[in-house]
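Q: I am new to this structure and would be grateful for a close look at a single part of it. Please take one stretch of the chain, describe what surrounds it, and set it within the whole.

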Amino acid sequence: MQRLAAAYPDTVDAVFRKVLRRRDFTWAEHGEALMRRRKPWYYQREPCPGVTVISNRLVDLACGGPR
């Protein structure tokens with residue numbers, strides 16, 4: 001849901017208002033509460049980074065030799 005909201009910031013409120021049938025819904029105000037209710041497991045673990053920076057040496061080792 002968060003990626004959807006980030007990808008479509010101009011229409012996210014209208015979409016969730018329609019789906020949830022709540023005229024007063026705004027992602028900025030109610031989005032986190034919705035996430036905590038619908039996906040509690042997301043908040044129960046430490047967030048992992050989406051990208052990991054590794055050295056060239058580690059890349060070489062992972063790929064089976066020098067590039």
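A: The following account begins with the chain as a whole and then turns to the stretch around helix 3.

The model is a predicted one. Its chain holds 5 helices and 0 strands, so that the order of elements from the N terminus reads α-α-α-α-α. The C-alpha trace extends over about 60 × 25 × 15 Å along its principal axes. The radius of gyration of the chain is 19 Å, whereas a compact globule of 67 residues would have one near 11 Å. Of the 67 residues, 15% count as buried. Among the contacts with a separation of 6 or more, 22% join residues that lie 24 or more positions apart. The chain exposes about 6100 Å², and carbon and sulfur atoms supply 54% of that area. As to charge, there are 13 positive and 7 negative charges, and the mean positions of the two groups are 8 Å apart.

The part chosen for the close look is the loop between helix 2 (12-20) and helix 3 (27-38), together with what follows it in helix 3. Arg21 has its place in this loop. The phi angle of Arg21 is near 55°, which is a positive value in a residue other than glycine. Is Arg21 buried or exposed? With a relative accessible area of 77%, Arg21 counts as exposed, because the cut-off for that class is over 50%.

Thr26 is also found in the loop between helix 2 and helix 3. Leaving out residues up to four places away in sequence, Thr26 touches Asp13, Arg17 and Gly31. The C-alpha atom of Thr26 is separated by 8.1 Å from that of Val12, although the two residues are 14 residues apart along the chain.

Val12 leads on to the largest nonpolar core, which comprises 7 residues: Ala5, Val12, Phe16, Phe25, Trp27, Leu34 and Met35. Helix 2 and helix 3 are the elements that give two or more residues to this core. Helix 3 gives the most, with 3 residues.

Trp27, a member of this core, has a long list of neighbours. Not counting residues up to four places away in sequence, Trp27 touches Met1, Gln2, Ala5, Val12, Asp13, Phe16, Glu32, Leu34 and Met35. Among these partners, Ala5, Val12, Phe16, Leu34 and Met35 belong to the core as well. Asp13 is a partner of Trp27 and also of Thr26.

Further along, His30 is found in helix 3. Why does His30 count as buried? The relative accessibility of His30 is 17%, and buried means under 20%, so His30 falls within that class. Apart from neighbours within four places in sequence, His30 is in contact with Arg22, Asp24 and Phe25. Of these partners, Phe25 is one of the core residues.

For contrast, Ala6 may be considered. Ala6 has its place in helix 1 (residues 2-7). Ala6 is exposed, because its relative accessible area of 59% is over 50%. The C-alpha atoms of Ala6 and Tyr43 are 18 Å apart in space, and the two residues are 37 residues apart in sequence.

In summary, the loop between helix 2 and helix 3 holds Thr26 and the exposed residue Arg21. Helix 3 holds the buried residue His30 and gives the most residues to the largest nonpolar core.

Technical notes:
Residues are numbered from 1 along each chain as its sequence is written. This is a predicted model: local features need pLDDT of at least 70, side-chain atom pairs count only at pLDDT 80 or more; totals for chains, interfaces and linings use all residues. Side-chain values use heavy atoms; hydrogens and water are left out. Helices (H or I, at least four residues) and strands (E, at least two) are DSSP runs, numbered from the N terminus. Contact means heavy atoms within 4.5 Å. A nonpolar core is a set of buried Ala, Val, Leu, Ile, Met, Phe, Trp, Tyr and Cys residues joined through side-chain atoms within 4.5 Å. Buried means under 20% relative accessible area, exposed over 50%, partly exposed in between (1.4 Å probe, protein chains only). The radius of gyration is taken over C-alpha atoms; the globule rule is 2.2 Å times the number of residues to the power 0.38. Accessible areas come from the Shrake-Rupley method with a 1.4 Å probe; for residues, only the protein chains shown count as cover. Lys and Arg count as positive and Asp and Glu as negative; His and the chain ends are not counted. The place of a charge is taken as NZ of Lys, CZ of Arg, CG of Asp or CD of Glu.
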